[in-house]
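Please read the points below beside the sequence and the model. They start with a contact across two domains and then move along the chain.

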Amino acid sequence: MALEICVKAAAGAPDILGDCPFCQRVLLTLEEKKVPYKLNLVNLSDKPQWFLEISPEGKVPVVKFDDKWVADSDVIVGIIEDKFPEPSLKTPPEFAHVGSKIFGTFITFLKSKDANDGSEQALVNELKALDEHLKGHGPFIAGEKITAVDLGLGPKLYHLEITLGHFKKWTVPESLTYVHNYMKSIFGRESFVKTKAAKEHVIAGWAPKVNA
């Protein structure tokens with residue numbers, strides 16, 4: 001029995017997987033655990049009525065478990081782990097928050113119009129902290145095996161790389177070799193290649209936020 005999941009469709013391309021890192025996190029979890037699923041692509045700029053009935057706030061992802069639709073990627077990933085425990089993707093609690101500030105600092109820097117507001121340095125500091133952690137514990141955040149925390153962070157780093165490269169001509173500093181290797185190994189996984197949004201759809205998805 002395949003799990004039903006609703007995810008974002010690409011901006012301007014309703015039949016193509018869109019650029020939602022939280023949706024990709026759930027899809028990665030399903031792929032890594034080899035759980036069969038049925039994908040429903042939702043046009044978030046023109047939400048269909050059937051979707052608003054199952055997700056009144058209009059948010060994705062939502063997944064159907066035992067006839068009940070559940071929102072919030074944190075909650076969804078937890079339920080998947082409970083229902084499909086093998087292979088385990090549980091992150092040891094002491095590593096669960098590694099890299100958790102990167103996405104917020106990335107968005108602040110992406111939207112920044114002032115080169116001297118400290119937003120670039122704030123992001124670099126977070127990436128440096130991740131690099132130091134990986135140096136001591138890698139190749140993944142919790143060691144040899146990929147876990148839930150990597151599947152959450154990987155899509156965010158993918159968005160960071162594409163959007164900062166496009167809108168700011170900015171790249172992750174070369175000196176952060178552990179972060180670069182980490183990104184390479186996650187982005188190269190079969191599960192990631194299968195569930196990532198195309199580069200142009202990531203750029204199109206972020207453009208309104210950058211130009212706001």
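1. E31 and K194 form a salt bridge, with their closest N and O atoms 3.2 Å apart. A salt bridge here is a side-chain nitrogen of Lys or Arg within 4 Å of a carboxyl oxygen of Asp or Glu. Between domain 1 and domain 2 the count is two salt bridges. Side chains of opposite charge can pair when their charged atoms come close.

2. The model is predicted: local features need pLDDT of at least 70 and side-chain atom pairs pLDDT 80 or more, while totals for chains, interfaces and linings use all residues. Residues are numbered from 1 along each chain as its sequence is written, and side-chain values use heavy atoms, with hydrogens and water left out.

3. The domain assignment splits the chain into domain 1 (3-83) and domain 2 (93-211); such bounds come from an automatic or database assignment. Each domain gives 19 residues to the contact, where contact means heavy atoms within 4.5 Å. The C-alpha centres of the two domains are 22 Å apart.

4. How much area is buried between domain 1 and domain 2? The figure is about 1,600 Å², and carbon and sulfur atoms give 66% of it. Buried area is the accessible area (1.4 Å probe) that two parts lose on being put together, summed over both.

5. Four residue pairs are in polar contact between domain 1 and domain 2, both residues being at pLDDT 80 or more. A polar contact is a pair of N or O atoms within 3.5 Å; within protein, one must be able to donate a hydrogen and the other to accept it, and residues adjacent in sequence count only if both atoms are side-chain atoms. On the side of domain 1 that touches domain 2, the elements giving two or more residues are strand 2 (13-17) and helix 1 (21-32). Helix 1 supplies the largest share, nine residues. Helices (H or I, at least four residues) and strands (E, at least two) are DSSP runs, numbered from the N terminus.

6. By class, that side of domain 1 has twelve nonpolar, three polar and four charged residues. Ala, Val, Leu, Ile, Met, Phe, Trp, Tyr, Cys and Pro count as nonpolar, Asp, Glu, Lys and Arg as charged, and the others, Gly among them, as polar.

7. The whole structure has eight salt bridges. One of them joins K33 and E81, whose closest N and O atoms are 3.2 Å apart. K33 is in the loop between helix 1 and strand 3 (37-42), and E81 is in helix 3 (residues 73-83), 48 residues apart. The loop that holds K33 also contains K34, whose phi is near 60°, a positive value in a residue other than glycine.

8. Two cis peptide bonds deserve a check. E86 and P87 are joined by one, with omega about -15°; P87 is in the loop between helix 3 and helix 4 (102-111). Another joins G138 and P139, with omega about 10°, and P139 is in the loop between helix 5 (119-137) and helix 6 (148-167).

9. UniProt (unreviewed entry) places "domain: GST N-terminal" at residues 10-88 and "domain: GST C-terminal" at residues 66-212. UniProt positions are in the numbering used here, feature names are shortened, and annotations may be inferred rather than shown by experiment. Residues 10-88 are 37% helix and 25% strand, whereas residues 66-212 are 61% helix and 3% strand.
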